[in-house]
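Q: I'm new to this structure and would like a close look at one part of it. Could you walk me through a charged residue and then its surroundings?

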Amino acid sequence: MLLSEQDQFLSYNGEVLVFQLSKPKHAEEADDKTVNLCVARMVFSRDTKLFVQKSSGIFSMCASHSKIEIICCSCTTDSRTGIILPCILMKKKKRNNVKYFLLLLHSSNQFEPSFYFKLDYELKEDIRLFAGPSVLWRHANKLFYISSSTCVVQSAPVQLSSVVWTGEIVGEGTVVLGIRTACLPETEDADGFSVSDRAIWGSEFFGYAIQTQKMLSGTCFMPHAYSRAVSSVYICKSERLKKQLQISLIAITHKKQLIWFQNGVPKGVCELPYEKPCSVKPAVTSSNDLLFVVSFASGNSCVVQRRDSLQVASKWQKVKCVLVDDFIGSGREQLLLLFKDDSNTDVLSTFKITDLGEVNYASGINYKHDVPAAEGLQENGLLTVRALETRLQAGWTSVRELQQHLGLQKRVILESCRALIDLVEERTHILPNSKEEGLVSLWDEVENPPRSLSKEASLASEVPEHFTEELWQRVVGDNLVVGVKLTESFYLSLSDVSLSLVMDQDFSSISPIIECQSKIIKLNKAFSALAVSSSQIEPPPKKMRLDLHSKNDLKKEFPKRSSRIQLDGAKTVTAVTSLSPLLAFHHVCCVVLLHARKQSHQNDSLQLSKKITVLCGKILLSLEDISNGRYSVNMLRDNSYCTGSTEDILAVLAVSVRFSFQIVSCDCTLTPVSSWLLGEMECTPFKECQDNIFCHKAGNVHGTIFNWTLKNPFEGVLTVFCRNLTVLFQCLHSLTRVLPPSCSVKLLRSGSKGVLTEQLALALEKEMLTLKNSLFLKETKAENSLTWESESGKKINNAPLASLLDTEEGVQQFRKKLQKEREESVQSMNQTMNGALYQKIALKIAEAQLSSDMIVWRLA
């Protein structure tokens, strides 16, 4: 298909429509009376990377003594169906009479005449096609239009010098944006700036709604100062917010500028590379970039990209036409540039398809031979990049939501820590407003200050004035150990005791709560040391642990249980935390808080408990003190004894893990164990508790504490307090080399088998008694709630059975008594139980079963 100068190009649904005027080829029709309007539908082939003709159509017109031309073409909405169709405006000139007619092109390539009109002049200025289809033009500074619904030329009551845009605006229909000579009012109105602006420049913008014949203020589009420079406009977005028209548009000026306006205010400007810009159109590419294609009167074109700012992304010369559509079927728009080429007159012979990104096709390249790897590469790459971009955006959204959640969580933790510090120091803490924190309150906020500390004060009054004997701190390796020695009377009334460390300084970037591990350590003259921590191995839970009450009543029943040691002799509570994070602050002041449950006895022997928090004091820590060894543990030898203080011993026990092993020898005595401890391990006993010894041997085992107890010459229990499992394995490896081969070494979970068996028997007995007492308590409650009275209110006489059955009256009395007993029996079977009583009974049973299950697990 050969190309001529008057050919028109139009993009429609990814196709390129080429409209041409031609004469018939047959000789008999070559009488200059017929002219054909031909259309060729061209599509881009992914195989050949060239445009090929998909289909074609012809519309014949009588041209006797007339000249037919194509004025313009565009895609407009057919008001009958609402479908967007290609529309072509044709001109037939015969002497002084000019006839214009409009054609619609359907998908079957059939042309449909829409309407025609005659004028005594030719259309030359600001010709636009819009929905209907309709035609709008300017002549002699007047605005005229005609639509398919009226087929009558109408004139708008406005004078204008140019039309810069025609299109649809929300709520207004088809609107014409034009420029006219300023019409100044006689009296100054509220829009004083607009009036002065129009007076200075002598021209103004205005909008005219064709359907409603209403004038729109031009200030919502652009300031009137630009009215003498703007040549073309494209409105990107229009909407109404609170009855106010919001407009976003792009304008090009005669001064080589492209300006972005938002609600009448310039937001960005870009210098254009060529003179005389004449039109601008948008394009949305695969990377969601908004491009503006600017065409110039010289035949050049450029693309302006809007990201952070407006900037020229690319430019081309000798461009015949620029079309915007999805030519390759990727779901996004591309630019089709048709270049002027005098050497080749074929349709779409010289072109370029690009989106300034992944898509780049150009004519003159043999993709099959010159670039063998490019077959399908661009399409696959485009789809892959688009999927990766989508995943990246979704991931970035998730990261931002997570950052917001972490920030909110951090603020809540910091505020909780401040409230805790104020609570233990008896200061009134004022909570921040939930709206200021970006939170939603779960209860109604009141203007009154937060609840007073009366409850905490009453709780603190129940605590003895002198409940701590000593507060100390030690450094063991990379650990800080803080210990609180409690008075014995105070400790016996507590359970679930632990310590927490809170930094006294206000650090906004970190949490003031220091992560630590609490242990309860008992140290008496016999040095039966027991360390209990939250990380101690426990059996898998079988029942829900009820923490409403303590379990000390069960512990009192079993004097041989190891937990008895905790109740009777454990007087020191320690907290162990990592030292190096604290030294990063050089100087640290920490508040030491003790958390426990306060026991209170009731008549039914159940012990209720409530949580308390007690301020034990503050500790100071500095890098200088650590460097000088002020808080170091000193375990020295003095005349075959270890001279470590009680605090030093407790600090080592706090950072150590306890393991007990039962050693049994059937053939010989266990004297090699003592020789191994005092000889190879270089251990020395403590002065106050000589059964326990401290290892001075150099290496990893240094600092390990041993306790060797002989039950008889052939059986004993070795307890090891070591820093980690590596040290334990080294000690056991050294021990097995000195023990006889017949010796057996068994790890003990808690106590010996004989003691645990006795405890299990007691626990099972306690469980049976608890069940029995619970049932008996229910029967007693039921019997006390019944009344043994007859209907008349008198008690039935318990006469002998034989005397009752002798007479008829006695039989009736016996029958009544039997019926009454039956009713009372049924009533006792249906007796309900109070909720509080049922809770107490269930708690007793659960605690008894939990104790027996724990002992069974230890025996397993």
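A: Let's start with Glu-647, keeping in mind that this is a predicted model. Glu-647 is buried, yet it has no salt bridge. The nearest side chain of opposite charge belongs to Arg-474, and it sits 4.2 Å away; a salt bridge would need a side-chain nitrogen within 4 Å of a carboxyl oxygen. You'll find Glu-647 in helix α9, which covers residues 646-654. Leaving out residues up to four places away in sequence, Glu-647 touches Glu-470, Trp-472 and Arg-474.

Arg-474 gives us a handy way onward. With the same kind of neighbours left out, Leu-480 touches Arg-474 too, along with others including Val-475, Ala-575, Leu-582 and Ile-619. Leu-480 is also among the residues with the most contacts inside the largest nonpolar core, which has 28 residues. Leu-499, Val-592, Leu-594 and Leu-621 share that billing. Several strands feed this core: β30 (479-486), β31 (494-503), β35 (572-578), β36 (587-601) and β37 (607-622) each supply at least two of its residues. Apart from it lies another core, of 23 residues, with Leu-670, Cys-683, Phe-706 and Cys-731 among them.

Now for a look at helix α10, residues 671-678, where Val-673, Trp-676 and Leu-677 are buried. Seen down the axis of α10, its buried residues fall within an arc of 95°, so they line one face of the helix. The face turned away from that buried side carries Thr-671, Ser-675 and Leu-678, which are exposed. As for partners, the buried residues of α10 pack against β39 (683-685), β40 (692-695), β41 (705-712), β42 (715-722) and α11 (725-738).

How values were computed: Residues are numbered from 1 along each chain as its sequence is written. This is a predicted model: local features need pLDDT of at least 70, side-chain atom pairs count only at pLDDT 80 or more; totals for chains, interfaces and linings use all residues. Side-chain values use heavy atoms; hydrogens and water are left out. A nonpolar core is a set of buried Ala, Val, Leu, Ile, Met, Phe, Trp, Tyr and Cys residues joined through side-chain atoms within 4.5 Å. Buried means under 20% relative accessible area, exposed over 50%, partly exposed in between (1.4 Å probe, protein chains only). Helices (H or I, at least four residues) and strands (E, at least two) are DSSP runs, numbered from the N terminus. Contact means heavy atoms within 4.5 Å. The arc is that of the directions from the helix axis to the C-beta atoms. Lys and Arg count as positive and Asp and Glu as negative; His and the chain ends are not counted.
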